[in-house]
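Colleague: I would like to learn how to read a model like this one. Could we take it feature by feature?

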Amino acid sequence: MSDLDLDLDLDVTGRPGTPVVVIDTDRGSPLGSGLAITVAVAREKPVPVEVADVVIAAPGLCAGAVETEDPDAEAALLVRAIDASPIASLTLAWLLRAPAGPTTAALAAESAAYSTLLGGTDFRAWLADRPTPRPSDDGDRVRLERISNPQGDVLRITLTRAARRNAVDRRLRAELVDALQVAAHDPYLLVEIDAEGPAFSAGGDLDEFGTATDLALAHIIRTGAGAGRLLDELRDRVTVHLHGTCIGAGIELPAFAGRVTATPDTTFGLPEVSMGLIPGAGGTVSIPRRIGRGRTLWWAITGSRLDAATALRWGLVDEFR
């Protein structure tokens, strides 16, 4: 039997029977270093967040940890979520373990992992239960306005697909990239991004999920035509104004910006792992830079909704407006 079998307890189909190991740091449980996701529980003794993939701790005990009044209950919830989606959970954990590197390379790694999961049985099962896609809607997805002021010219980019809660489809992505290219060719142009309607963005358009027939080509397109790389290159000049619901790409892309504001009632979610996927719009790169790898992994796997107060405290957003 291989080390891989011993570490993950693979069954005859290759699915892991032991995708997660819980570490009780108060009792001195040994730390694992294998392939399984490690979750450290700290109730009384502080530990650095680097000791495990996720550290769940009592409030004020461990800087950068997921804080809760009941660490054991929160750890149990996380374990159940991992057991429900072990392939996507492990894929995300391994991706987040990689040392920080250039954004382009990190986005390519995310895309390769995402494309792999698109061919998986868990995603196909989710896809089979997806509601019937709706007819495509017409109209522009983005509106541009150039504003002159004493601090410098500003390019305001407004998402205008309000009827679909600004869900990111191919057209919206392409129009957003075209808009950002304007700023990329003008080094003095500031950028502000906002959105019409009740939500900044409901994330990727579910009607387009699973429509790619060539997953290798989809990987190349996602890496080469995504907005994340441009937002990262322009980050020092970009401010994003969030409101309402920000799901998936609706927070993955804004997190690249140098400054993110939000209304106090904004909520945030990363639902992809429950679909058999991982964040695929750059979130495995942008979000850990703001809130840390452990919190990102916990958030994505549990699918929890973050409120604006938590997002501000963690640094996912920079200020309220």
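**Reading the sheets and the core**

Modeller: Start with an open sheet of six strands, in the order β5-β6-β7-β8-β10-β13, with mixed pairing. Bear in mind that the model is predicted.

Colleague: Which are the edge strands of that sheet?

Modeller: They are β5 (142-147) and β13 (319-320), and each pairs on one side only.

Colleague: What holds such strands side by side, in general?

Modeller: Strands of a sheet pair through backbone hydrogen bonds, and the pairing is either parallel or antiparallel. Here, β8 (residues 238-242) pairs with β10 (residues 259-262) in the parallel sense, over four bridges. Two residue pairs let you follow the register: V240 has V260 in β10 as its bridge partner, and H241 has T261 in β10.

Colleague: How many bridges join β10 and β13?

Modeller: Two bridges, again in the parallel sense. On that side, T261 stands opposite E319 in β13.

Colleague: What lies across β5, β6 and β7?

Modeller: Helix α6 (residues 170-184) does, and its direction is at about 175 degrees to that of β6 (154-159).

Colleague: Let me try a single residue. Is T239 buried or exposed?

Modeller: T239 belongs to strand β8. The cut-off for buried is under 20% relative accessible area, so T239, at 11%, counts as buried. Leaving aside residues up to four places away in sequence, T239 touches V191, E192, I193, R259 and T261. For a distance across the model, take T239 and G292: they are 53 residues apart along the chain, and their C-alpha atoms are separated by 21 Å.

Colleague: What about a residue outside the strands? Where does D205 lie?

Modeller: D205 is in the loop between β7 (190-195) and α7 (215-225). D205 has a relative accessible area of 6%, so this residue is buried. Its side chain reaches the backbone nitrogen of D207 at 2.9 Å. Beyond four places in sequence, the residues that D205 touches are R161, R164, A167, V168 and D169.

Colleague: Now the other sheet. What is the order of the sheet of four strands?

Modeller: The order is β1-β2-β3-β4; this sheet is open, with parallel pairing. β1 (20-24) and β4 (66-67) stand at the edges with a single partner strand each, so one side of each has no neighbour in the sheet. Between β2 (residues 37-42) and β3 (residues 54-57) there are four bridges, in the parallel sense. In that pair, V41 has I56 in β3 as its bridge partner. Helix α2 (residues 71-84) packs on the sheet and touches β1, β2 and β3, its direction making about 170 degrees with that of β2.

Colleague: And how should I read a nonpolar core?

Modeller: In soluble globular proteins, nonpolar side chains tend to be buried together. In this model, the largest nonpolar core has 79 residues, of which L180, L242, F268 and W299 touch the most other members. A second, separate core has eleven residues, among them A40, V55, A58 and C62.

Colleague: Is C62 buried or exposed?

Modeller: C62 has 2% relative accessibility, so C62 counts as buried. C246, with a relative accessible area of 0%, is buried as well.

Colleague: How many disulfides does a search of the whole structure find?

Modeller: Zero.

Note on methods:
Residues are numbered from 1 along each chain as its sequence is written. This is a predicted model: local features need pLDDT of at least 70, side-chain atom pairs count only at pLDDT 80 or more; totals for chains, interfaces and linings use all residues. Side-chain values use heavy atoms; hydrogens and water are left out. Buried means under 20% relative accessible area, exposed over 50%, partly exposed in between (1.4 Å probe, protein chains only). A polar contact is a pair of N or O atoms within 3.5 Å; within protein, one must be able to donate a hydrogen and the other to accept it, and residues adjacent in sequence count only if both atoms are side-chain atoms. Contact means heavy atoms within 4.5 Å. Two strands pair if DSSP finds at least two bridges between them. Axes are lines fitted to C-alpha atoms, for helices over the stretch in contact, and angles run from 0 to 180 degrees between N-to-C directions. A disulfide is a pair of cysteine sulfur atoms within 2.5 Å. A nonpolar core is a set of buried Ala, Val, Leu, Ile, Met, Phe, Trp, Tyr and Cys residues joined through side-chain atoms within 4.5 Å.
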